[in-house]
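Student: I would like to learn how to read a structure like this one. Where should we begin?

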Amino acid sequence: MPTVPLPPRTRLLYLAPAFMVFLSLFLNRNKPYLDTKPILYASATISIQAPGSTVWTTFSNTTTWREWNPWCRNAYLIHPTGVEEGARGLMRVGSSLRFDVWMHTRFNDAPWHFSQEGKDIITAVEVPAKVGSGKKVWRAEWFDESSPDWLLRCRRESTIEEVEGEGVKESVFTTTAQFYGPFAWPVSAIIGEGMQRDLEAMAGGLRGFVEGKGGHDGPL
Ligand SMILES: *[C@@H]1O[C@H](CO)[C@@H](O)[C@H](O)[C@H]1NC(C)=O
């Protein structure tokens, strides 16, 4: 088949993605993306009828996730030394997380199942001071390090804030996912809505489990 030369304007169009990659490499050279607006931001908030410490005990022990988290049904903590910690493990900075994920995307209504191989590195684990009367907030944050910074970075942050309900302690659980980098555009198009739905299911599962009404009802 004879090749037809592309009209010059069309050739310019082909340069656009290359230019985008170059531009993002340049803009991300000092990792300023965390100060910028994420390309995809998904977040779910739910209130749970339990003290913050109770919610945290469940959330920070990934062995329990199998019972309540429809999105990440199996989660394993790997100590910074590389040893998988099993049920003994609690989140700590420097540990990584290995997940079995059931994710909704634009293309599948039944969740797509895959394993995320220990590339989520925990960067923050914060619990409130035992004494004092300040705001009681627990926080965990991790980053997916499975692709280079300049291409895609996913930050996951979850917080639990204890609030005074009517004579009882309640908690507000919030979990967010933020995607940065040029690859976040296609990722957002494919999993954006699904991610929102998955975060809401995660929050709902945690509430159900902590309040003793059962976690998720999907297959394990
Ligand atoms: C984590 O949860 C599992 C399952 O409920 C439990 O067996 C284990 O003792 C918990 N680990 C810690 C450190 O609390």
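The dialogue below goes through the sheet, then the helices, then the ligand.

Tutor: Keep in mind that this is a predicted model. Start with the sheet.

Student: In what order do the strands of the open sheet come?

Tutor: Read a sheet from one edge to the other. Here seven strands lie in the order β1-β7-β6-β5-β4-β3-β2, with antiparallel pairing. β1 (40-48) and β2 (72-78) are at the edges with a single partner strand each, so one side of each has no neighbour in the sheet. From one strand to the next, the twist averages 25 degrees.

Student: How many bridges join β3 to β4?

Tutor: Eight bridges join β3 (residues 96-105) and β4 (residues 108-126). In one of them, S96 is paired with I121 of β4.

Student: Which strands does α2 touch?

Tutor: α2 packs on the sheet against β1, β5 (136-144), β6 (153-164) and β7 (169-180). Its direction makes about 150 degrees with that of β6. The other helix to look at, α4, lies across β1, β3 and β7 and runs at about 10 degrees to β1.

Student: At what angle do the axes of α2 and α4 cross?

Tutor: Roughly 115 degrees, and the axes come within 11 Å. That makes α2 roughly perpendicular to α4. The contact involves T54, V55, T58 and F59 of α2, and L206, F209 and V210 of α4. By class, these residues are five nonpolar, two polar and no charged.

Student: Which residues surround the ligand?

Tutor: N61, T63, T64, A87, R88 and L90. This shell has two nonpolar, three polar and one charged residues.

Conventions:
Residues are numbered from 1 along each chain as its sequence is written. This is a predicted model: local features need pLDDT of at least 70, side-chain atom pairs count only at pLDDT 80 or more; totals for chains, interfaces and linings use all residues. Axes are lines fitted to C-alpha atoms, for helices over the stretch in contact, and angles run from 0 to 180 degrees between N-to-C directions. Helices (H or I, at least four residues) and strands (E, at least two) are DSSP runs, numbered from the N terminus. Angles under 35 degrees count as roughly parallel, over 145 as roughly antiparallel, 65 to 115 as roughly perpendicular and the rest as oblique. Two residues are in contact if their C-beta atoms, placed from the backbone, lie within 7 Å. Ala, Val, Leu, Ile, Met, Phe, Trp, Tyr, Cys and Pro count as nonpolar, Asp, Glu, Lys and Arg as charged, and the others, Gly among them, as polar. A residue is near a molecule or strand if its C-beta atom, placed from the backbone, lies within 6 Å of it. Two strands pair if DSSP finds at least two bridges between them.
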